[in-house]
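Trainee: Could you take me through one part of this model up close, the lining of the largest cavity, and then work outward from there? I'd like one connected story rather than a list.

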Amino acid sequence: GNQPLTIAVATDQSYYESGSTITGRVYLSVKDPKGIDAKSLNLLIEGEERTKIHRTSGTGENRRNHYHRSNCAILKLDTPLANFGNGYIKPGQYEFPFISTLPSNIPPTMRENDFESHCEVRYSIGAHLVQPGGAGGLFSSITKSWLRASPKELNIIGKPQPAGVIAGGIKLPPETESINYCCCFNRGTMTLESELERAILSPGDAANVFLRCRNDSTTPAFGVQAHLRETITWRADGHQETKSRLIGQQFLSADSCPELSPLMRLPQKYFGDASYNPLDDALNRSQRRNLSFFVSRDARDTHQGSLITIDHVLTVTIKTKCCMTNPESSIQVSIQRPPSLTDSAATTAATVEAPVFPSAPPFQSEETNDIPMAEATVLPPDWSALTADLVTIPMAEPTWGATAPPPGAVGSSPYNGATAPLPSLAQPIATKVPY
């Protein structure tokens, strides 16, 4: 078009693991024969949690919609790829290669919708020119949309489990629960002991649940059910939204568990004698059963963020008839990607199966109507650029997860420290380009 310059950013892969290396290039074409005034060309990498919750008030003609929004920075890196010592760029075509390492503990890209409410973790990479002047500091004069490239979405997948490390299991001790009809009439007890083979599961994994059970009641049991539930909770402006789904389940019929057969009647000594316990060694004599199911391939990584929480809970339940107690035990588990097929972080994403990314469209900025220039996606046939030296960009480690504040906490973020330091503009970073 008639714009005096074009800026575009390209990366070597379509998605990256947390902790892996990003390599790419910024392309700059200065078309104005007079050149462009600029202090530096900066690379911008950003990540954030964004939430929106829809509420209504009133009825009929008085019905009103209310939208509550919040966002929390995960990381932000705004650093020069090139400094222009004379504050000027000559007309021409330029390429600025860069390399940077992502923090190892950032959450993966995700998005969830619930009607008009939604939440997402998103990342982007872009570039912009910083022009000289302006009373507010280095970035105060970035006002013209043609001075920056359209942000390119970065798809991040979670850091995989370490290769060769097998997570231990979780065992819940036997629990004996009274079986009541309509909450009041006791029919005896049932005992359930469960164990999850591995505390960390992966999408597509086979989950093995081992259990032993005993029916010392007059109530028949239909069987034992295990289900894994994923719950996403997001917060915005003091409001909260929750959405959950099953990502794995299995049922074992009582026909395969004779130990679930009911008693014809309760033992006479059972009534009125609290010391009587027929289960002292009964459970030890019960056969150990196995329930196996597959975790859904689109299961999300477990995440404890400032605005978004993703929990996974495995529940094992002895199913009885209507109006009767259903004994159950619950185990909180973690979902994490399986170990990489290679030890090289730079090539991992090219060797593993592509992950499932959110299909919903990304958020559009609700803070400005300024539309960035269109990004060039194909280099022109006459492209013959001067190439700068490769710039290695440091990336600060964000802190999140263990330091996450409780819901509703103000002034604290689990991602504190995620902003990388700005290199000195006094140093010539790109030395091959004649500015």
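Mentor: By class, three nonpolar, one polar and three charged residues make up the lining of the largest cavity. This is a predicted model, so take what follows as computed from it. The residues doing the lining are Glu175, Glu177, Met190, Leu192, Pro327, Glu328 and Ser329. The space inside comes to about 50 Å³, and the count of cavities of 30 Å³ or more is one. Go by elements and you'll find that S12, strand S13 (185-196) and strand S21 (328-335) each give two or more residues to that lining.

Now follow S12 and S13 away from the cavity. They belong to an open sheet of four strands, ordered S12-S13-S15-S18, with antiparallel pairing. Strand S12 (170-181) and strand S18 (289-294) sit at the edges with a single partner strand each, so one side of each has no neighbour in the sheet. From one strand to the next, the twist averages 25°. Over at the S18 end, strand S15 (residues 206-217) pairs with S18 in the antiparallel sense through six bridges. If you want a spot to zoom in on there, try Phe210, whose bridge partner in S18 is Asn290.

Leu192 is worth a second look. Besides lining the largest cavity, Leu192 belongs to a nonpolar core of 30 residues, which also includes Leu211, Cys213 and Cys257. That core lies apart from the largest one, which has 48 residues. In the largest core, the residues with the most contacts inside it are Val26, Leu28, Phe96, Phe98, Leu129 and Ile308. As background, nonpolar side chains tend to be buried together in soluble globular proteins.

Last stop, another set of strands. Strand S11 (residues 152-157) pairs with strand S2 (residues 15-17) in the parallel sense, over three bridges; here Glu17 has Ile157 of S11 as its bridge partner. S11 also pairs with strand S10 (residues 117-130), this time running antiparallel, again through three bridges. On that side, Tyr123 has its bridge partner in S11 at Leu154. So S11 is a handy place to see both senses of pairing, parallel with S2 and antiparallel with S10. Strands of a sheet pair through backbone hydrogen bonds in either sense, parallel or antiparallel.

Conventions: Residues are numbered from 1 along each chain as its sequence is written. This is a predicted model: local features need pLDDT of at least 70, side-chain atom pairs count only at pLDDT 80 or more; totals for chains, interfaces and linings use all residues. Side-chain values use heavy atoms; hydrogens and water are left out. Two strands pair if DSSP finds at least two bridges between them. Axes are lines fitted to C-alpha atoms, for helices over the stretch in contact, and angles run from 0 to 180 degrees between N-to-C directions. On a 1 Å grid over the protein atoms alone, a cavity is a set of points where a 1.4 Å probe fits but cannot get out, and a pocket is an open set with protein on both sides within 12 Å along at least five of seven lines; lining residues have an atom within 4 Å of a point. Grid points are joined across faces, edges and corners, and a volume is the space filled by probe spheres set on the points. Ala, Val, Leu, Ile, Met, Phe, Trp, Tyr, Cys and Pro count as nonpolar, Asp, Glu, Lys and Arg as charged, and the others, Gly among them, as polar. A nonpolar core is a set of buried Ala, Val, Leu, Ile, Met, Phe, Trp, Tyr and Cys residues joined through side-chain atoms within 4.5 Å. Buried means under 20% relative accessible area, exposed over 50%, partly exposed in between (1.4 Å probe, protein chains only).
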